[in-house]
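Notebook open. I'm going through this one by looking things up in turn and jotting down what I find.

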Amino acid sequence: MTPWRPTAPIANLHRRADALRYTREFFRARGVLEVETPALVNAPVSDVNIDTVRAMLPGRAAPMFLHTSPEYAMKRLLAAGSGDIFQICHVFRGAERGRQHNPEFTMLEWYRLGFPLEDLMHEVAELTRGILGDVKLPVEMLTYREAVHRHAGFDPLESPDAELRDKARELGLGDREAQAASRDVLLDLIVGARVGPALGADALTFVHRYPASQAALARLDADDPRVALRFELYHRGVELANGYHELASAAEQRARFAADQQSREARQLPVNRLDENLLAALDAGLPDCAGVALGFDRVLMLASGAATIDEVLAFPMERA
């Protein structure tokens, strides 16, 4: 195929257009407002696992950044009284390229006021089944603890670090790296290799109640503070969505951001300033809500039977 041509078959571009139309109708019927927020932002995310793309603009000494998610800006809208909102947008993650990854991809993100985590999971399932064209696809819900025990054979909340290091060595991690790795790094390695690929073979599988150390922007579970009110959705071994019962405390969020910055410094990663506008919005009052980000291209991959993300994109990175 010549480089000027799209990598996606034209039929898949029609499928994308149909899915975008279906998604907007889905939210319009529920009274959820579509919003747009800037792709170019002043403060990037602090997550150590996300590589933000910098942009230097003429006349500015400080860099700006292409957003990796519209989450921070959307929460500012929520605090300003927007009500339920959704957004479909392109986001950018610099270090991601592979069968399921393109550095620029489409994210669908939405927030529902007054929704507990379970209600949001059911809504995610309804939308995803509609895009996949299988309204009867079963839905399975597992706690993180249940999923890891079932597919990796240990208790992620109670097992000692030594057992996790042994599991990681079985996956090929060297002794030195295993000894140096944090508990969360070990868990991510094991879940990525053993658990995720086994999930959702014949269902939409939601994994919820992640360890509190992986809460990110989610609240902790008041009934069990060892875990966070966070979920991920898997189908046919592919991670599709990540959702939270959103943390509303500015003080707690600032502390988590500071911990992220310390981790970034320890790993010799860029450390950038915090998003003070987000923290100010949380101080002003974020309404009780749950939110989720869904990888739109990955759902389209599954809907079309595509083997790679390139088959559902007009022009991936190499042809942009």
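**Around the loop after strand 8**

I started with Gln214, which I found in the loop between strand 8 and strand 9 (220-221); helices (H or I, at least four residues) and strands (E, at least two) are DSSP runs, numbered from the N terminus. I'm working on a predicted model, where local features need pLDDT of at least 70, side-chain atom pairs count only at pLDDT 80 or more, and totals for chains, interfaces and linings use all residues. Residues are numbered from 1 along each chain as its sequence is written, and side-chain values use heavy atoms, with hydrogens and water left out.

Is Gln214 buried or exposed? Its relative accessibility is 10%, so I put Gln214 down as buried (buried is under 20% relative accessible area, exposed over 50%, partly exposed in between, with a 1.4 Å probe and protein chains only). Next I asked what Gln214 is in contact with, leaving aside its neighbours within four places in sequence. I got Tyr144, Asp184, Leu187, Asp188 and Arg230, contact being heavy atoms within 4.5 Å.

Ala216 is in the loop between strand 8 and strand 9 too. Ala216 has a positive phi of about 55° without being a glycine, and I noted it as partly exposed at 32% relative accessible area.

**Strands 10, 11 and 12**

Arg230 came up again: its charged end sits over the ring of Tyr210, 4.4 Å from the centre. The test there is NZ of Lys or CZ of Arg within 6 Å of the ring centre and within 35 degrees of the ring normal.

I then checked how strand 10 (residues 224-235) and strand 11 (residues 238-245) are joined. They pair in the antiparallel sense over six bridges; strands count as paired if DSSP finds at least two bridges between them. One bridge I looked up puts Glu232 opposite Asn242 in strand 11. The two strands make a hairpin with two residues between them, and Arg236 sits in the turn. Arg236 is not a glycine but has a positive phi of about 50°, and it is partly exposed, with a relative accessible area of 47%.

On its other pairing, strand 11 runs antiparallel to strand 12 (residues 289-295) over five bridges, and Gly243 has Val292 as its bridge partner in strand 12. How many residues of strand 11 are buried? Seven of the eight are, so the strand is largely enclosed by the rest of the structure.

**Aromatics**

I searched the whole structure for aromatic pairs and got seven. Rings of Phe, Tyr and Trp (its six-membered ring) pair if their centres lie within 6.5 Å; planes under 30 degrees apart are stacked, over 60 edge-to-face, the rest tilted. Phe26 and Phe27 are an edge-to-face pair, 5.2 Å centre to centre with 85° between the planes. Phe26 is buried at 5% relative accessible area, and Phe27 is buried at 0%. Phe206 and Phe231 come out edge-to-face as well, because their planes are at 70°, with the centres 5.7 Å apart. That pair links distant parts of the chain, with Phe206 in strand 8 (residues 204-211) and Phe231 in strand 10, 25 residues apart. Both Phe206 and Phe231 are buried.

I also logged one aromatic cluster made up of Tyr22, Phe26, Phe27, Phe86 and Trp110. Phe26 has the charged end of Arg30 over its ring, 3.6 Å from the centre.

**Helix 1 and strand 5**

What angle do helix 1 (residues 10-29) and helix 3 (residues 117-132) pack at? I get about 145°, with the axes 10 Å apart; axes are lines fitted to C-alpha atoms, for helices over the stretch in contact, and angles run from 0 to 180 degrees between N-to-C directions. The contact is made by Ala19, Tyr22, Thr23, Phe26 and Phe27 of helix 1 and Glu123, Glu126, Leu127, Gly130 and Ile131 of helix 3.

Phe86 turned up once more as the bridge partner of Glu34, in strand 5. Strand 5 (residues 85-92) runs parallel to strand 1 (residues 33-34), joined by two bridges. Strand 5 also pairs antiparallel with strand 6 (residues 104-113) over eight bridges, where Cys89 is partnered by Met107. I found strand 5 mostly covered, with seven of its eight residues buried.
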